[in-house]
Structure formats: C-alpha cells, structure tokens
Amino acid sequence: MLLAAEGDGEFHAPTVADFFPPAIFFEGTPFEFNRVMLVRVIAAVVLLTVFVIAARRAKLVPGRFQNAIEMILDFVRNSIAVEVLGKENGRKYFPLLATIFCTVLVMNITTVTPFLNIAGTSVIGLPIVLALWTYVMYLGAGVKAHGVGGFLKNSLLPPGVPKALYVLLVPIEALQVFILRPATLAIRLMANMVAGHLMLAICFAATSFFLFDAAGGMKLFGAGTFVAGFAFFFFEIFVAALQAYVFAILTAVYLNLSVEAEH
Amino acid sequence: MMISPLNTSTADVLAAEETTANLLLPHTYDLVWSLVIVVIVGLVFYRYVLPKFQAVLDERTAKIEGGLAKATEAQEEAAKALEEYHRQLAEARADAAKTREEARAEGTVIVAELRAKAQEEASRIVETAHRQIEAERQTAAVSLRSEVGELATELASKIVGESLQDAARQSRVVDRFLDELEATQGDESGAQAPAGSSVGKEG
C-alpha cells in the first residue's frame, strides 16, 4: 500500500481511501471485513499471545522477556495509575488503564510494522469504542463515588464562581464532560495516526516516483524524500507510544476528576 | 512532466474525499469489529493476564519483605554476638591482668625469701670456716710447740754435746727458749741470734 505508486509513471499520493480498503468478505453486512480489520485482528492476536505467554511463564524471579512485559505494566501502574489517581484508586483502575494502554499501543504500532503499514486506530471505530469505554467508566466512577446528584453538582457547578455565571458555565461544563472529553479522546488518536500514515506514505510514494519515474536529475530528490520517510518512520514509533500514553493518562485524569472529593 | 502528475494527484485526493465516507463517521462494521477486539482483549487482560501478574508481583513483594525481615534479624543477632564477644574479650583481659599482678607479687615474695635464705647460709658457712680455721690454728700451734721443742732439743744436745735427757731440765730449757722467742717475735733475724746464744749459754 505504501509503494502503490510503482510502475505506471505517475505520482500517486496516498488518499483517505487507504483507510477504507475494499472488503475481503461479508461485504455490505455489519461484519464486513477489510484490510484494516485484518490488521486489527492480527495486532490483537499478537498482543494476546505475547501477554498470555508472559503471564503463563510468570515467575518470582523474572527473565528478560518477563522483565520487558513487567516494565510496560509497571510504567502504567506507576507513571499513569498511581501518579494520577493515587495509591488506592490507582490500584483499582490499573486493569482498565493497562488494557487501554496496551491495546492502543499495539494498534498504533502497526502503522510502522512492515506488511501491515496502517494503524488499527487510524479508522475511527476503534478509537470510538475505547473512548466510550473510558466515558462509561468515568461516568460510572463519578456516580458511584458521589451519587448522580453529587456527581452532576461536582462536574457542572465549579465552586468559587458567582452564581450568575452558572448560566454560562453549566452548558460549557456539560458539553465538556458529556461530549468533548470522549470525542477529543477518539479524534485525537485517530487524527494522529491518519496524519502519520499519510506523511509516511507520501514520503515513500514520492521516493518511488523520483527514483523510478522521474527524469535525470530529479532522481536526486528521491534521496531527500527517502531520508524524510526514514525520519518519519522513527517519529511514528514515538507518536504511537506517545498517543497510547496520552490516551491512558487522560483516562486516568477523567477518572480522577470524577472520583476525587468535592473541590 | 512534473506538473501534470501532481495536478492529477490533487484531483485524485479530492475525488477520494468525495466518494469515501467521512473519516469521523464510523461504519457499522468498523464499530462491530472494534468492539469484538476490545471485548476479547479486555476479557483476557481482566480475567487472566493482569491477575496473574498481580499475583506474581504480590508474591515477590512478600518474598522481598520476608527477606528484609530475615536480614534485619540476622543483623541484630550478629550485633548481639559481637557485643558478647567484646564483653568476653574485656573479661579475659581483666583476668589476664589480675593473674599477671598476682604472679608478680608472688615472685617478689619468693625472691625476698630466697635472698634471706642465701644470706643466712652464707653467714653460716663463713662462721663454720672461721671456727675451723681457729681450731686448725690451735692444733697447729700445739703440734708446732711440741715438735719445735723436740727438734730444738735434739739440735741443741748435738751442738752442746750434753745430754739433755733429764726431763725437768729439758722442759725448763725449752720453756725459756720459747719465752725468749716470743719476746723477740717481731724481728726474725734478731730472734734467731739470741735463741742461738741462749742455747749456747745454756750449754
């Protein structure tokens, strides 16, 4: 898909059609299966295989493999869960955060995985499902901690503000809590991965065009675009990890805003 | 050459955007497959992977805490042993010092005793020697007196030609001789001459 421009002498820029490839089977049904869904299934299978094997072989004294897996989980536990939510709530919500972090990370990293070459999270469905999970969890946590009334009052009526301003603040806060938080979670993740894929694809498509189809001196541009593509490759690895971290830490922050005592 | 393909590609992008769905609006199949994947991953993580790692982690924490407690205990024991050792060492040193002091005192007494005994022995030996010398001197004096008398008498009788068999006379002569001898004891050569002359006068 990245090197789709080969052969016919024209420069083919990647398009958003990359994210909606033709169906492989079940076309037209709710179970339509295409290349992006396949990438997601492969990534999920790899993720589960690695973690289940690690868990099955988990020993008191960890080996190198177990250490690597535990490093990821420790990162989520210490740098996200406990850091944001404190010791008690951090431990309580660690499974949610660990699952979200690992899922987003593995689905993001497929954007630079050879032969997969597209992020599982670059089509909005998966980010929406994950964001909805976060949404349900932080609403549920707030209601559980303060009751429906208490949670609404906590979320919508920030203290220390003149009462007249609530006319303005309540709609803004409601929009924030009930719509913008989950929407930005999903869109931020999807947009980052779409942009990354397009940048990578443009660089390599241009490299292919310059090297094989351009005339004479224009071929030199191919070296430049190849270097840029290489740089974007590493940048994408960084973005993949960063977006997983951002998604998980925002989930923790929203949970904390819901459960923490009234300010 | 360059311009036309790029123009075409812009047109491609525009066409694609018109024909394909909005990036922000999910297809049903997209949501379905996403949900399936998230549910499966979530179930496996919640039910198996995370509890397993948590258990291992808890076990490790317990082991480490147990190990630390054991180490503390061992350290305390070692400190106690060291203290006991120091105490015993001090005791032993005190004992040794006491023993040395006693030995020194005893030694002093023994030396003094020995010295006194030696002194006594020495004085005793000296006294014995004195007495023996005195006794020998007297014996010598007695035997000398008789032998000298005999010798002198014999000599005198031979010189004078006169028999001095008469005991009374002989004894008188000897006594007189000895008295003269004693009187002139200081000068030997001076004593010799009067003795000779007295013997001669006697004859």
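**Exercise 1. A transmembrane span in chain A**

Task: Work out how far apart the end C-alpha atoms of residues 93-116 of chain A lie, and how much of the span is helix.

Solution:
- Start with the ends of the span. In this predicted model, the C-alpha atoms at the two ends of residues 93-116 of chain A are 32 Å apart.
- Now look at the backbone between them. Helix covers 71% of the span and strand 0%.
- Next, see where the span comes from. The unreviewed UniProt entry lists residues 37-55, 93-116, 122-143, 189-212 and 224-257 of chain A under "transmembrane region".
- Finally, try another span from that entry. Residues 37-55 of chain A are 100% helix and 0% strand, with end C-alpha atoms 26 Å apart.

**Exercise 2. The two chains, element by element**

Task: Find how many helices and strands chain A has, and how many chain B has.

Solution:
- Begin with chain A. You should find five helices and two strands, in the order β-β-α-α-α-α-α from the N terminus.
- Turn to chain B. Here there are four helices and zero strands, so to speak a plain α-α-α-α run from the N terminus.
- Then consider burial. Of the 263 residues in chain A, 42% are buried; for the 203 residues of chain B, the figure is 8%.
- Add the contacts inside chain A. Among those with a separation of 6 or more, 66% join residues 24 or more positions apart.

**Exercise 3. Two records for chain B**

Task: Say which residues of chain B UniProt lists as a "transmembrane region", and which as a "coiled-coil region".

Solution:
- Take the transmembrane record. The unreviewed entry gives residues 31-50 of chain B. In the model this span is 100% helix and 0% strand, and its end C-alpha atoms lie 26 Å apart.
- Take the coiled-coil record. The unreviewed entry gives residues 68-106 of chain B. This span is also 100% helix and 0% strand, and 57 Å separates its end C-alpha atoms.

**Exercise 4. Parallel or perpendicular?**

Task: Decide whether α1(A) and α2(A) are roughly parallel or roughly perpendicular, then do likewise for α1(A) and α2(B).

Solution:
- Read the angle for α1(A) and α2(A). They pack at about 75°, with axes 8 Å apart.
- Apply the cut-off. Angles of 65 to 115 degrees count as roughly perpendicular, and therefore α1(A) and α2(A) are roughly perpendicular.
- Check who makes the contact. From α1(A) come A:R40, A:A43, A:V46, A:L47, A:F51 and A:A54, and from α2(A) come A:F65, A:Q66, A:I69, A:C102, A:V106 and A:M107. By type, the residues of this contact are 10 nonpolar, one polar and one charged.
- Move to α1(A) and α2(B). Their angle is about 5° and their axes are 10 Å apart.
- Apply the cut-off again. Angles under 35 degrees count as roughly parallel, and therefore α1(A) and α2(B) are roughly parallel.
- Look at this contact too. Residues on the α1(A) side include A:M37, A:V41 and A:L48, and on the α2(B) side B:W33, B:I37 and B:Y48 are among them. The contact has 16 nonpolar, no polar and two charged residues.

**Exercise 5. Where the chains meet**

Task: Find how many residues of chain A are in contact with chain B, and how many of chain B with chain A.

Solution:
- Count both sides. There are 40 residues of chain A in contact with 40 residues of chain B.
- Trace the chain A side to its helices. α1, α2, α3 and α4 each supply at least two residues, and the largest share, nine residues, comes from α1(A).
- Sort that side by type. It holds 31 nonpolar, five polar and four charged residues.

**Exercise 6. Inside the core**

Task: Identify which two residues touch the most other members of the largest nonpolar core.

Solution:
- Search the core's 72 residues. A:L97 and A:F101 have the most other members touching them.
- Ask which elements contribute. α1, α2, α3, α4 and α5 of chain A and α2 of chain B each give two or more residues, and α2(A) gives the largest share, 20 residues.
- Follow A:L97 outward. Beyond its neighbours within four places in sequence, A:L97 is in contact with A:V76, A:I80, A:A81, A:A248, A:T251 and A:A252.
- Note a second, separate core. It has 12 residues, including A:A13, A:A205, A:F209 and A:F232.

**Exercise 7. Buried or exposed?**

Task: Decide whether A:A231 counts as buried or exposed.

Solution:
- Locate A:A231. This residue lies in helix α5 of chain A.
- Count its neighbours. A:A231 has 12 C-beta neighbours inside 10 Å, and therefore counts as exposed.
- Pair A:A231 with A:L200. They are 31 residues apart in sequence, and their C-alpha atoms are 9.1 Å apart in space.

Key
Residues are numbered from 1 along each chain as its sequence is written. Chains are lettered from A and ligands numbered from 1 in the order in which they are written. This is a predicted model: local features need pLDDT of at least 70, side-chain atom pairs count only at pLDDT 80 or more; totals for chains, interfaces and linings use all residues. A nonpolar core is a set of buried Ala, Val, Leu, Ile, Met, Phe, Trp, Tyr and Cys residues joined through C-beta atoms within 7 Å. A residue is buried if 20 or more other C-beta atoms lie within 10 Å of its own, exposed if 12 or fewer, and partly exposed in between; C-beta atoms are placed from the backbone. Two residues are in contact if their C-beta atoms, placed from the backbone, lie within 7 Å. Ala, Val, Leu, Ile, Met, Phe, Trp, Tyr, Cys and Pro count as nonpolar, Asp, Glu, Lys and Arg as charged, and the others, Gly among them, as polar. UniProt positions are given in the numbering used here, feature names are shortened, and annotations may be inferred rather than shown by experiment. Axes are lines fitted to C-alpha atoms, for helices over the stretch in contact, and angles run from 0 to 180 degrees between N-to-C directions. Angles under 35 degrees count as roughly parallel, over 145 as roughly antiparallel, 65 to 115 as roughly perpendicular and the rest as oblique.
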